[in-house]
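Me: Could you walk me through reading a structure like this one, feature by feature? I'd like the general idea and then the case at hand.

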Amino acid sequence: FLEAGDNIIIARGMNGMGRGTLKAGGNIVAKFLQSVNAQADGYIASESILHSTIMAGTEVNVDGKKGFITGGKVCAVNCINVKTLGSSMGADTLVEVGSDPKLAIRLQELMKKVEEENNAIQSIQQILLSTKQKMAKGVKLSPDQLKYAQSLAASNQQKAEAVTNYIEEIEKLQGQMKGKEGACIIVRGSVYPGTKICIGDVSMVIQKESQYCRFVKARGDVKLTGI
């Protein structure tokens, strides 16, 4: 695990073996990134990215002799510039531009919290319903049982308010993630079938090999154009 407030520059590269992490407040520059989780507030530049999770606040540039992105997930806010994208062997490769990767992470966190709180609310409501049914039948509850029921009712109210706040933030994030104007993916060599292209809130899966192309969002869809 390597973290810097500004830039991380690695003369050779990094094989994270699925565990290595790079986190930079500035840019990340490395000859190669393999099985790495890398996050930069600025750009990320490398000659090859293999089976890694990459998130850049501006751009991802993969150029040089190899210049390939194969396997894993690579995200950038503005642009991804690569020579070879995907693999003829069909490695699962996802590239995404147009929205801040941090927003996507926060969105996932919020959706998980909503699910957890709703599950808790459902359990609490079942207990409260059972308590009300007992009282309706004339069952007298002890002071401790009444206190417990009151605490559950208060907790139910707090969790319901939390869910409302989470949903409001989710809707706001979804609006922000619809796509940054001008975001694109540029392939200066070949892009292989099976590669998934995401731009903002739209996506496409490559069906046939293409060369020297640019992917942009146009009329609510991902479009392939020449460069």
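Me: Is Ser 46 buried or exposed, and why?

Reply: Look at relative accessibility, where anything under 20% is called buried. Ser 46 comes in at 6%, so it counts as buried. Keep in mind that this is a predicted model. Ser 46 sits in strand E4, residues 44-56.

Me: Which residues is Ser 46 in contact with, leaving aside its neighbours within four places in sequence?

Reply: Two stretches of chain show up in that list. Ala 30, Lys 31, Phe 32 and Leu 33 are there, along with Asn 61, Val 62 and Asp 63.

Me: Now the cores. How many residues are in the largest nonpolar core, and which have the most contacts inside it?

Reply: The idea is to follow buried nonpolar side chains that touch one another. Here the largest such core has 36 residues, and Val 60 and Phe 215 have the most contacts inside it. Strand E3, residues 28-40, gives the most to this core, with 6 residues. Another core, of 10 residues, lies apart from it and includes Leu 103, Leu 110, Val 114 and Leu 173.

Me: What does Phe 215 touch, not counting residues up to four places away in sequence?

Reply: Quite a list: among them are Ala 183, Cys 184, Ile 185, Met 204, Val 222 and Leu 224.

Me: Cys 184 makes me think of disulfides. How many does a search of the whole structure find?

Reply: For a disulfide, you want two cysteine sulfurs within 2.5 Å. The search finds 0. Cys 184 is in none, its nearest cysteine sulfur being that of Cys 79, 3.7 Å away. Cys 184 is also buried, with a relative accessible area of 8%.

Me: And why is there no bond for Cys 213?

Reply: Distance again: the closest cysteine sulfur, in Cys 184, is 11 Å from that of Cys 213, which is too far for a bond. Cys 213 is buried as well, at 1% relative accessibility.

Me: How does the span of helix H1 compare with what it should be?

Reply: Take the rise per residue and check it against the end-to-end distance. H1 runs over residues 101-136, and at 1.5 Å a residue its 36 residues should span 52 Å; the end C-alpha atoms are 52 Å apart, so the two agree. Its buried residues include Leu 103, Leu 107, Leu 110, Val 114 and Glu 117. After H1 comes Gly 138, with a positive phi near 90°.

Me: How many salt bridges does the structure hold?

Reply: You look for Lys or Arg nitrogens close to Asp or Glu oxygens, and there are 5 of these bridges. In one of them, Glu 109 pairs with Arg 106, with the closest N and O atoms 3.6 Å apart. Those two are 3 residues apart in H1, so about one helical turn separates them. Arg 106 and Glu 109 are also linked with Glu 169 in a network.

Me: Which parts does the salt bridge between Lys 159 and Glu 117 tie together?

Reply: Lys 159 is in helix H2, residues 143-176, and Glu 117 is in H1, so the pair ties together parts 42 residues apart in sequence. Their closest N and O atoms are 3.1 Å apart. Lys 159 is partly exposed at 23% relative accessibility, while Glu 117 is buried at 16%.

Me: Where are Lys 217 and Asp 201, the other pair that links distant parts of the chain?

Reply: Lys 217 is in strand E12, and Asp 201 is in the loop between strands E10 and E11, 16 residues apart. Their side chains meet at 2.8 Å, N to O.

Methods. Residues are numbered from 1 along each chain as its sequence is written. This is a predicted model: local features need pLDDT of at least 70, side-chain atom pairs count only at pLDDT 80 or more; totals for chains, interfaces and linings use all residues. Side-chain values use heavy atoms; hydrogens and water are left out. Buried means under 20% relative accessible area, exposed over 50%, partly exposed in between (1.4 Å probe, protein chains only). Helices (H or I, at least four residues) and strands (E, at least two) are DSSP runs, numbered from the N terminus. The expected span of a helix is 1.5 Å times one less than its number of residues. Contact means heavy atoms within 4.5 Å. A nonpolar core is a set of buried Ala, Val, Leu, Ile, Met, Phe, Trp, Tyr and Cys residues joined through side-chain atoms within 4.5 Å. A salt bridge is a side-chain nitrogen of Lys or Arg within 4 Å of a carboxyl oxygen of Asp or Glu.
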